[in-house]
Amino acid sequence: MTERKTVVITGANAGIGLATAQSLAAKGYNVVTVCRDKSKGDATAVELIKANPGIQAENFTADLSDLGAVQKIGNAIASKYGVIDRLINNAGYYPSAIEYIGDTEKTLFTSHLGHMLLTQLLIPSLQRSVEARIITVSSALQHRPLF
Ligand SMILES: NC(=O)c1ccc[n+]([C@@H]2O[C@H](COP(=O)([O-])OP(=O)(O)OC[C@H]3O[C@@H](n4cnc5c(N)ncnc54)[C@H](OP(=O)(O)O)[C@@H]3O)[C@@H](O)[C@H]2O)c1
């Protein structure tokens with residue numbers, strides 16, 4: 001029997017992240033979700049296992065814009081999951097008004113810095129996989145001129 005692969009997905013309780021988690025769970029992946037709302041993340045993990053008995057699913061709670069929280073759960077995931085086969089950096093949001101952390105736009109923390117830190121912390125586990133992949137969900141909005 002081949003070993004199950006393990007995927008880590010951020011923002012897995014809704015939208016593209018949830019659909020990806022459901023699809024990979026149905027293919028037999030163990031799924032680690034990173035969600036900012038503990039109750040939504042835990043409920044997603046429970047639903048994934050219910051729909052796919054035999055897989056493991058577990059949620060770690062962190063807001064990607066909170067680098068301290070990302071550091072904490074990144075270390076926890078890395079120490080629990082020695083081998084990670086897929087990291088899907090998916091979480092993101094489109095605020096109705098620009099939000100800031102200090103002088104910096106919050107989206108920079110959520111979409112980039114939080115995911116960069118998480119990726120860095122999970123690199124050792126990804127390197128132990130025979131065919132690791134890091135997937136970053138982006139947006140076509142990057143092609144729109146700002147000014
Ligand atoms: N759908 C599109 O047409 C489209 C187009 C371009 C790019 N994208 C990109 O695709 C990705 C997924 O989008 P989607 O359409 O599936 O969006 P969605 O349905 O709104 O889901 C976004 C997910 O990200 C989570 N999230 C948002 N901010 C977070 C934070 N600070 N920390 C942790 N989790 C956070 C949300 O958690 P909560 O449920 O707690 O809010 C949710 O689970 C995003 O990166 C988005 O920028 C989507």
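A residue is called buried here if 20 or more other C-beta atoms lie within 10 Å of its own, exposed if there are 12 or fewer, and partly exposed in between. Keep that in mind as you click around this predicted model.

**Stop 1: Ser 65**

Start by selecting Ser 65, which sits in the loop between β3 and α3. Buried or exposed? Ser 65 has 22 other C-beta atoms within 10 Å, so it counts as buried. Now look for its contacts beyond the close sequence neighbours, those within four places: they are Ile 101, Lys 106, Phe 109, Thr 110 and Gly 114. Next, add Val 31 to your selection and draw a distance between the two C-alpha atoms. Ser 65 and Val 31 are 34 residues apart in sequence and 22 Å apart in space.

**Stop 2: the whole chain**

Zoom out and switch to a cartoon view. You can count four helices and seven strands. Follow them from the N terminus and the order reads β-α-β-α-β-α-β-β-β-α-β. The radius of gyration is 15 Å, close to the 15 Å that the globule rule gives for 147 residues, so the chain is as compact as a globular protein of that length. Turn the C-alpha trace around and you'll find that it spans about 55 × 30 × 30 Å along its principal axes.

Two more figures go with this view. Of the 147 residues, 35% count as buried. And among contacts with a separation of 6 or more, 69% join residues 24 or more positions apart.

**Stop 3: strand β2**

Select residues 30-35, which make up β2. Six of the six residues here are buried, so β2 is largely enclosed by the rest of the structure. Show the side chains and see which way they go: Asn 30, Val 32 and Val 34 point one way, while Val 31, Thr 33 and Cys 35 point the other way.

Which strand can you pair with β2? Try β1: the two run in the parallel sense, paired over five bridges. For one spot along that pairing, pick Thr 10, which stands opposite Val 34 in β2.

**Stop 4: the nonpolar core**

Stay with β2 and pick Val 31. Leaving out residues up to four places away in sequence, Val 31 touches Val 7, Ile 9, Ala 21, Leu 24, Ala 25, Leu 48, Ile 55 and Ala 57.

Val 31 also belongs to the largest nonpolar core, a group of 27 residues. Along with Val 31, the members with the most contacts inside this core are Val 7, Val 8, Ile 9, Ala 21 and Ala 25. Which elements give two or more residues to it? Colour them in: β1, α1, β2, α2, β3, α3, β4 and α4. In soluble globular proteins, nonpolar side chains tend to be buried together.

**Stop 5: strand β4 and its partners**

Now go to β4, residues 86-89. Both of its faces are covered, with Arg 86 and Ile 88 on one side and Leu 87 and Asn 89 on the other, all of them buried.

Look to either partner of this strand. β4 pairs with β1 in the parallel sense over three bridges, and you can find Val 8 standing opposite Leu 87. β4 also pairs with β7 (residues 133-136), again in the parallel sense, over four bridges. There, the bridge partner of Asn 89 is Thr 136.

**Stop 6: two partly exposed residues**

Select Glu 58 in strand β3. It has 16 C-beta neighbours inside 10 Å, so Glu 58 counts as partly exposed. Beyond its close sequence neighbours, those up to four places away, Glu 58 touches Val 32 and Ala 45. Try a C-alpha to C-alpha distance to Val 34 too: the pair is 24 residues apart in sequence and 8.8 Å apart in space.

Then hop over to Ala 78 in helix α3. With 18 other C-beta atoms within 10 Å, Ala 78 is partly exposed as well. Setting aside neighbours within four places, Ala 78 is in contact with Leu 121, Leu 122, Pro 124 and Ser 125. Check Pro 124: it is 46 residues from Ala 78 in sequence, but the C-alpha atoms are 7.8 Å apart.

**Last stop: around the ligand**

Finish by showing the ligand with the 20 residues around it. Which ones come nearest? Look for Gly 11, Gly 15, Ile 16, Gly 92 and Ser 139. Helix α1 (residues 15-26) provides the largest share of this shell, three residues. Colour the shell by type and you get seven nonpolar, nine polar and four charged residues.

Technical notes:
Residues are numbered from 1 along each chain as its sequence is written. This is a predicted model: local features need pLDDT of at least 70, side-chain atom pairs count only at pLDDT 80 or more; totals for chains, interfaces and linings use all residues. A residue is near a molecule or strand if its C-beta atom, placed from the backbone, lies within 6 Å of it. Ala, Val, Leu, Ile, Met, Phe, Trp, Tyr, Cys and Pro count as nonpolar, Asp, Glu, Lys and Arg as charged, and the others, Gly among them, as polar. A nonpolar core is a set of buried Ala, Val, Leu, Ile, Met, Phe, Trp, Tyr and Cys residues joined through C-beta atoms within 7 Å. Two residues are in contact if their C-beta atoms, placed from the backbone, lie within 7 Å. The radius of gyration is taken over C-alpha atoms; the globule rule is 2.2 Å times the number of residues to the power 0.38. Two strands pair if DSSP finds at least two bridges between them.
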